Amino acid sequence: MIARIHAREPRSRANGPGTRFVIWLQGCTLGCPGCFNPGTHAAGGEPIAVGVLLDEIRATRGIDGLTLSGGEPLQQAPAALELVLGARRLGLSTLVFSGYTHAEIAAQALGPALLAHLDVLVDGRYVAGQRLGAGLRGSTNQQLHMLSGRHSRAEVEATPTTEIRIARDGSVVLTGVEPLKRL
Ligand code: SF4
C-alpha cells in the first residue's frame, strides 16, 4: 500500500493531545476558499509505503499518537485506514483532520472502519467566514468528535494552536490550526 504524502513531522504538540507523529497526506479536491495549506491540494506528493511510515512511527520514541491531516486523508482512504490500524496496534491514539463531515465519511466504503479506530475526528470544510483557529478547529462549523474514551474534549481543545520547529539543518516547520498568526 502506497501513501502519497505532503510532509511528516515525527514530534508535534500542536496537532492533537500529547506528542504526535503527524502525516500530511497529499491531494484535496474540496477547494475550501481561504485554505491555509493550498500546497497540499494537487495530486502527487511523495509516494511512500505505509509499512515504511509505520516503521518510522514505531521507531519514534515517546510519542502518544498519530495524526493524519492534509490535504484530505479520506481521498486516500485505504492508506489512511492502514495507518490508523497500524497506529492502534502500536497502542497509539489516533486523530484525523478531514474536510468531509462525519456523515460523509460514514457513507464512504472504508469510512465506518476508519471511524471505528479513531479516537478523535475533526471534521468539516474550512469556512473562512467562520474562522476560529483554536481547539484544533479552523472554523466554527467544524466539529470535534470524541469517538472513544481515550481523551477528554478539554484535553483535545487544550492543544496549542501554533508550533514552530527549527530543525538541525535550519529548516523551519510551522504547524497547528493557527500557524501564522503569531509570526
Ligand atoms: S478540506 Fe482541508 S485541505 Fe482541503 S481545501 Fe478544505 S481546508 Fe484545505
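Student: Which residues are around the ligand?
Tutor: Good place to start, and keep in mind that this is a predicted model. Three cysteines appear in the list, and they are joined by residues such as Leu30 and His41. In full, the residues around the ligand are Cys28, Leu30, Gly31, Cys32, Cys35, His41, Gly71, Gly99 and Tyr126.

Student: How many residues of the shell around the ligand are nonpolar, polar and charged?
Tutor: Sort each residue into its class, remembering that Cys counts as nonpolar and Gly as polar. The shell then divides into five nonpolar, four polar and no charged.

Student: Is Cys28 buried or exposed?
Tutor: Buried means under 20% relative accessible area. Cys28 has a relative accessible area of 15%, so Cys28 is buried.

Student: And Cys32, buried or exposed?
Tutor: Use the cut-off of under 20% again. Because its relative accessibility is 16%, Cys32 counts as buried.

Student: How many disulfides does a search of the whole structure find?
Tutor: A disulfide needs a pair of cysteine sulfur atoms within 2.5 Å. Searching the whole structure for such pairs gives a count of zero.

Student: Which helix gives the most to the largest nonpolar core?
Tutor: That core has 29 residues, and those with the most contacts inside it include Ile23 and Leu68. Several elements each supply at least two of its residues, among them strand 1 (2-12), helix 1 (50-59) and helix 2 (77-89). With seven residues, the top contributor to this core is helix 2.

Student: How many residues are in the second, separate core?
Tutor: Among its members are Leu95, Val122, Leu144 and Val177. The size of this second core is eight residues.

Conventions
Residues are numbered from 1 along each chain as its sequence is written. This is a predicted model: local features need pLDDT of at least 70, side-chain atom pairs count only at pLDDT 80 or more; totals for chains, interfaces and linings use all residues. Side-chain values use heavy atoms; hydrogens and water are left out. A residue is near a molecule or strand if one of its heavy atoms lies within 4 Å of it. Buried means under 20% relative accessible area, exposed over 50%, partly exposed in between (1.4 Å probe, protein chains only). A nonpolar core is a set of buried Ala, Val, Leu, Ile, Met, Phe, Trp, Tyr and Cys residues joined through side-chain atoms within 4.5 Å. Helices (H or I, at least four residues) and strands (E, at least two) are DSSP runs, numbered from the N terminus.
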